[in-house]
Amino acid sequence: MDRYARWNALLEILTDAGRISVEDAAERLDVSQATIRRDFDQLAQQQMITRTRGGAVANGVSYDLPLRYKTAKHAPEKQRIGAAAAALVSPGMVVALNGGTTTTEVARALAVRPELTGGVDDAQLTVVTNALNIANELLVRSRMKIVVTGGVVRPQSFELVGPLGGNILRDVTLDIALLGVDALDVTLGAAAHHEGEAAMNSLMVARARRVVIIADSSKLGGHAFARICPIDRIDTLVTDSNATTATLDAFRSAGVKIVTA
C-alpha cells in the first residue's frame, strides 16, 4: 500500500470511528508504527486530522473529505452508476454536471461515447459544469463543447461556487442535470454538506428540464446540511443494486423513476 492509499484508509477510519491509536492503525494497515506516526504527522500538517498522544482524532470537517483524499470506496458501484447515467444522455443535449466522485465517472462514461462528440464548430453535446476536474476530464478525452461556470474554487471538491457562477447558470437552459449528492431522502429531498455547492446545484435544477440524481446506495436515506431540491423536482434516481427494495419503493411512491446499475 503506497502512502496516498494509506492516507485514504486512515481518513476513512477516522471518519467512521472519530479516533484511532497508532498501534491500532499500524495493525489494521499492516505497516510499522513509525510509518503511521509519519502519516499522522503529515496529515496533521495539512489540517486533515488532529494529532493526540499515541494516535489521532478526526477534525470537524472530516465528514466532507477533500475529493483528492476520497478512496475508491464503492468504486465498482460508482462506475456502473456512471455508465447508466451517461446512457440517459442523447446527442445534441445540453447537460449539467456538478462535482464529485460519482459524477466524475459519468463524465468518463460520456467521454468514450463517440456519437456524442463532434468538431469544434458542430459539437454534438454541450456540458455545463462547475467542477474543474470534470471539465478537464472531458477536455482531454473528447471534443464536446464544455462550458465552465464562474465562481470561487472550493478545494475540497474542485467545484466553483458563489454568485459569479450563478450569473452564468441563470442565462442557460439545460436539457438534463446529472447531479451527485451527499444525501437523498424521500422527505427532505437532495442535499449537500456545503451550502455553496448546494446553491449552485439548486440553480442547475432550476434551469433543467429533467433532473437526475446520481447516488450510490450509501447516500440514500441520509441527511446533509444544505438542501438542493425537494423530492418532487427529481425525475430519476440512478443508484446501485445494493439499495434495498423498501428504500427504492419509497422513492417510487414519491414519483421518482429508478435506474439501478
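Helices and strands here are DSSP runs, with at least four residues for a helix and at least two for a strand, numbered from the N terminus. By that count, the stretch from residue 3 to residue 58 of this predicted model comes out as 64% helix and 20% strand, and its end C-alpha atoms sit 19 Å apart. UniProt, in an unreviewed entry, lists residues 3-58 as "domain: HTH deoR-type".

Two helices are a good place to start looking. When two helices pack, the pair is described by the angle between their axes and the distance between those axes. For helix H1 (residues 3-17) and helix H2 (residues 22-29), the axes come within 11 Å and cross at roughly 125°. That angle makes H1 oblique to H2, and the crossing is right-handed. On the H1 side, the meeting point involves Arg6, Ala9, Leu10 and Ile13, while H2 brings Ala25, Arg28 and Leu29. Sorted by type, the residues of this contact are five nonpolar and two charged, with no polar ones.

Further along the chain comes another helix pair. Helix H4 (residues 75-86) and helix H5 (residues 101-111) have axes that come within 8 Å and cross at roughly 55°. H4 is therefore oblique to H5, and this crossing, too, is right-handed. H4 makes the contact with Lys78, Gln79, Ile81, Gly82, Ala83, Ala85 and Ala86, and H5 with Thr101, Thr102, Glu105, Val106, Ala109 and Leu110. Here the mix is seven nonpolar, four polar and two charged residues.

Then there is the sheet. In general, strands of a sheet pair through backbone hydrogen bonds, and the pairing can be parallel or antiparallel. In this model, seven strands line up as an open sheet in the order E6-E5-E4-E9-E12-E14-E15, with parallel pairing. At the edges are strand E6 (145-148) and strand E15 (257-260), each of which pairs on one side only. From one strand to the next, the twist averages 20°.

Zooming in on one end of that order, strand E14 (residues 236-239) pairs with E15 in the parallel sense over four bridges. Val238, for example, has Val259 in E15 as its bridge partner.

Helices also lie across these strands. H4, already met as the partner of H5, stretches across strand E9 (174-180), strand E12 (208-214), E14 and E15, and runs at about 145° to E14. Helix H9 (residues 245-253) lies across E14 and E15, running at about 145° to E15.

Definitions and conventions. Residues numbered from 1 in each chain as written. Predicted model: local features only at pLDDT ≥ 70, side-chain atom pairs only at ≥ 80, totals over all residues. Heavy atoms only, no water. Axes fitted to C-alpha atoms, helices over the stretch in contact; angles between N-to-C directions. Parallel < 35°, antiparallel > 145°, perpendicular 65-115°, else oblique. Left-handed = near helix turned anticlockwise from the far one by under 90°. Contact = heavy atoms within 4.5 Å. Nonpolar A, V, L, I, M, F, W, Y, C, P; charged D, E, K, R; others polar. UniProt positions renumbered as here; feature names shortened; annotations may be inferred. Pairing = 2+ DSSP bridges.
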